[in-house]
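This briefing walks through a few features of one protein chain. Have the sequence and the model open while reading.

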Amino acid sequence: MSKLQPATVDHRVRVQGQPVDDYPEFAPESKRGRVLRVTVVGEDILHRPCKEAVEFGTPELSQLIDDMFLTMYVAEGAGLAANQVDVDLRLFVYDCGDDDGVRHVGHILNPVIDDPAGRRRLLEAGEGCLSVPGPRHDLGREERTVVRGFDKDGNPLAIEGTGYFARCLQHETDHLNGMLYIDRLSKRQRRSVLQEMAEVKEGVFAERRTRAEAMGAEYLSVGG
């Protein structure tokens, strides 16, 4: 009997969960986008559940997704939720690698995470947030996640993530439920993260403005 060979990983980029043979450095949506202000912990919109999307296929929704992609790239994020750009809508975009080196790019509306079947396995790793600019802190997350929802045209989606990408999907869905990653920390850990953020956030904001200018991006707002 021969030894089992490890499965070969398909390293093609996954766009909306589907592999593609060629893909640019930045999602094409970002070329049509404008940079929006990123909300910061303490703002009300980050601390309450977002509204369900009921309209699909509109120019306004497409523009918002374009803007969110560009804003995410300027802020060097792996994901961005709508309430992080001050929009009350269950929507997030992502451009994130998993632990196998596979890049995942897309958006999803009205996401719901499947309940994990069987024993849960948590992975502890550093996590940060564009709305908590600067610091990172270790946090346990499910090692595998399936998120179900819809694309901007109302077509159903099921996106599966493992490792770091699973962490991203859980983090962004948390946002839409009114929860930041620091809400999962102890009071002492949360206080430490917020103190560090207060010390470094202005520098982070300045870096974002510089990056937007270098990318030739239209910056609609100042601040975060």
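**Briefing: core, strands, a loop and cysteines**

Leaving out neighbours within four places in sequence, Val 93 contacts Ile 65, Met 68, Phe 69, Met 72, Gly 79, Leu 80, Gly 106 and His 107. The model is predicted. The points below begin with the nonpolar core, in which Val 93 is one of the residues touching the most other members.

**The largest nonpolar core**

- This core has 23 residues, and those touching the most other members are Met 68, Phe 69, Leu 80, Leu 89, Leu 91 and Val 93.
- Three elements each give two or more residues to the core: helix 1 (59–74), strand 4 (91–97) and strand 5 (103–113).
- Helix 1 supplies the largest share, seven residues.
- In soluble globular proteins, nonpolar side chains tend to be buried together.

**A strand pair**

- Strand 6 (residues 122–129) and strand 7 (residues 132–142) run antiparallel and are joined by eight bridges.
- The two strands, strand 6 and strand 7, form a hairpin, with two residues between them.
- One bridge can be followed by eye: Glu 127 has His 137 in strand 7 as its bridge partner.

**Val 102 in a loop**

- Val 102 lies in the loop between strand 4 and strand 5.
- Is Val 102 buried or exposed? Its relative accessible area is 4%, so Val 102 is buried, since the cut-off for buried is under 20%.
- Not counting residues up to four places away in sequence, Val 102 touches Val 9, Asp 10, His 11, Arg 12, Arg 14, Cys 96 and Gly 97.
- Val 9 and Val 102 are 93 residues apart along the chain, while their C-alpha atoms are separated by 8.4 Å.

**Cysteines**

- How many disulfides does the model contain? The count is zero, where a disulfide requires two cysteine sulfur atoms within 2.5 Å.
- Cys 50 is in no disulfide; its nearest cysteine sulfur belongs to Cys 129 and is 13 Å away.
- Cys 50 has 8% relative accessibility and therefore counts as buried.
- Cys 168 is also in no disulfide, and the nearest cysteine sulfur, that of Cys 96, is 4.2 Å away.
- With 6% relative accessibility, Cys 168 counts as buried.
- Cys 96 also appears among the residues that Val 102 touches.

Note on methods: Residues are numbered from 1 along each chain as its sequence is written. This is a predicted model: local features need pLDDT of at least 70, side-chain atom pairs count only at pLDDT 80 or more; totals for chains, interfaces and linings use all residues. Side-chain values use heavy atoms; hydrogens and water are left out. Buried means under 20% relative accessible area, exposed over 50%, partly exposed in between (1.4 Å probe, protein chains only). A nonpolar core is a set of buried Ala, Val, Leu, Ile, Met, Phe, Trp, Tyr and Cys residues joined through side-chain atoms within 4.5 Å. Helices (H or I, at least four residues) and strands (E, at least two) are DSSP runs, numbered from the N terminus. Contact means heavy atoms within 4.5 Å. Two strands pair if DSSP finds at least two bridges between them.
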